[in-house]
Amino acid sequence: MRGILITCNMNERKCVGEAYSLLGEYGDLLYGPEQFSDREERLSGSEREEEEEDDDVEAALKKEVDQIRASTEHKLRRFQSVESGANNVVFIRTRGIEPENLVHHILKDMHTTKKKKTRVILRMLPISGTCKAFIEDMKKYTETFFEPWFKAPNKGTFQIVYKARNNSHMSREEVIKELAGIVGSLNPENKVDLNNPQYTIVVEIIKNVCCLSVVRDYVLFRKYNLQEVVKSNKEDAQQKPSSVTEEKNLTVVKPEEEEEEENSKEVKQENKNDGELETKPKGNDMLTA
């Protein structure tokens with residue numbers, strides 16, 4: 001599954017609304033307006049009657065089932081919220097787009113304009129792939145997943161950021177060690193850089209699902225934090241965001257709970273001022289591997 005993992009502070013329903021608005025705005029800008037098509041809408045009533053007369057009952061039933069399936073597929077949205085399995089975490093499934101490019105474009109624009117566009121969204125992380133949250137499954141999956149960035153002749157400096165929610169059987173140290181080893185095996189010239197890496201490997205584990213991505217400008221964009229990236233900083237003037245066409249490469253990690261707690265306090269205060277406290281949305285979809 002591909003999509004965008006979003007953290008917020010308690011107000012998940014408002015977070016979903018903000019995410020749809022923000023992603024819709026930039027999605028239309030990068031990929032054009034969302035298109036819908038429905039075969040039944042193109043058929044007039046008389047045409048449907050003629051089709052039904054030509055077929056027997058069994059064939060007509062099969063045709064109707066096929067039309068319902070096709071209609072459902074066509075109506076799947078570009079962005080769709082699904083149950084993440086963790087509190088204060090929203091997962092937006094994407095279709096037909098590259099989540100890493102879209103999120104990078106959003107952060108690059110906000111970093112440049114310093115215009116705040118969200119209130120409850122904290123971090124927005126693209127997810128390029130998922131697998132089961134067991135070390136053997138992760139090793140098997142990442143051997144091919146990392147190739148576009150780290151397999152020779154591609155190379156680069158990297159770090160790994162790790163976060164686990166509602167999961168107690170995974171070891172942070174073991175995961176980082178194994179994934180860093182895989183990156184090194186793809187090209188010995190890949191080097192770890194914890195200060196300003198070219199790439200950052202994001203590992204987000206929720207229950208028994210491991211969400212993975214490789215992102216650029218992780219330090220420059222304040223760990224992909226939408227509240228922090230709009231704040232002015234003298235160091236920003238000396239750094240320029242990387243372009244989407246850059247070659248891909250990266251690796252290892254450090255905890256980010258302190259920054260999320262600080263941002264949560266800021267957003268919580270805003271919610272108190274608004275007098276808003278909304279309940280967690282219910283959804284039928286589940287984030288599964």
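This briefing describes the fold, the sheet, the salt bridges and a surface patch of one protein chain. The structure is a predicted model, and its chain has nine helices and nine strands. Of the 289 residues of the chain, 46% count as buried, and the accessible surface of the chain amounts to about 15,500 Å², of which carbon and sulfur atoms supply 48%. Among the contacts in the chain with a separation of 6 or more, 82% are made by residues 24 or more positions apart.

**The five-stranded sheet**

- Five strands form an open sheet in the order 5-9-8-6-7, and the pairing within this sheet is mixed.
- Strand 5 (129-132) and strand 7 (191-192) stand at the edges, where each has a single partner strand, so one side of each is left without a neighbour in the sheet.
- Strand 8 (residues 199-206) pairs with strand 9 (residues 209-215) in the antiparallel sense, and the pairing runs over six bridges; within it, I205 has C210 in strand 9 as its bridge partner.
- Helix 6 (residues 135-145) packs on the sheet and touches strand 5, strand 8 and strand 9, while the direction of helix 6 makes about 155° with that of strand 5.
- Helix 8 (residues 172-186) also packs on the sheet, touching strand 6 (157-165) and strand 8, and the direction of helix 8 makes about 150° with that of strand 6.

**Salt bridges**

- The structure holds 13 salt bridges, and the three pairs described below are among them.
- E100 and R2 meet through their side chains in a salt bridge, with an N to O distance of 3.7 Å; this pair links distant parts of the chain, since E100 lies in helix 5 (residues 99-113) and R2 in the segment before strand 1 (3-8), 98 residues apart.
- E100 is buried, because its relative accessible area of 12% falls under the 20% cut-off, whereas R2 is partly exposed, with a relative accessible area of 29%.
- Salt bridges that share partners join R2, E98 and E100 into one network.
- The side chains of E34 and R77 form a salt bridge at 3.4 Å, N to O, and this pair, too, links distant parts of the chain: E34 sits in the loop between helix 1 (12-31) and helix 2 (39-42), and R77 in the loop between helix 4 (57-74) and strand 2 (79-82), 43 residues apart.
- Both members of that pair are partly exposed, E34 with a relative accessible area of 23% and R77 with a relative accessible area of 40%.
- E228 and K231 meet in a salt bridge between their side chains, with an N to O distance of 3.1 Å; E228 is buried, with a relative accessible area of 17%, while K231 counts as partly exposed at 35% relative accessibility.

**A nonpolar surface patch**

- L29, L30 and Y31 make a nonpolar patch of about 280 Å² on the surface.
- L29, one of the residues of this patch, lies in helix 1 and counts as exposed, because its relative accessibility of 60% is over the 50% cut-off.

Methods
Residues are numbered from 1 along each chain as its sequence is written. This is a predicted model: local features need pLDDT of at least 70, side-chain atom pairs count only at pLDDT 80 or more; totals for chains, interfaces and linings use all residues. Side-chain values use heavy atoms; hydrogens and water are left out. A salt bridge is a side-chain nitrogen of Lys or Arg within 4 Å of a carboxyl oxygen of Asp or Glu. Helices (H or I, at least four residues) and strands (E, at least two) are DSSP runs, numbered from the N terminus. Buried means under 20% relative accessible area, exposed over 50%, partly exposed in between (1.4 Å probe, protein chains only). Two strands pair if DSSP finds at least two bridges between them. Contact means heavy atoms within 4.5 Å. Axes are lines fitted to C-alpha atoms, for helices over the stretch in contact, and angles run from 0 to 180 degrees between N-to-C directions. Patches are made of residues with over 30% relative accessible area and no salt bridge: like charges are joined within 9 Å, nonpolar side chains (Val, Leu, Ile, Met, Phe, Trp, Tyr) within 5 Å. Accessible areas come from the Shrake-Rupley method with a 1.4 Å probe; for residues, only the protein chains shown count as cover.
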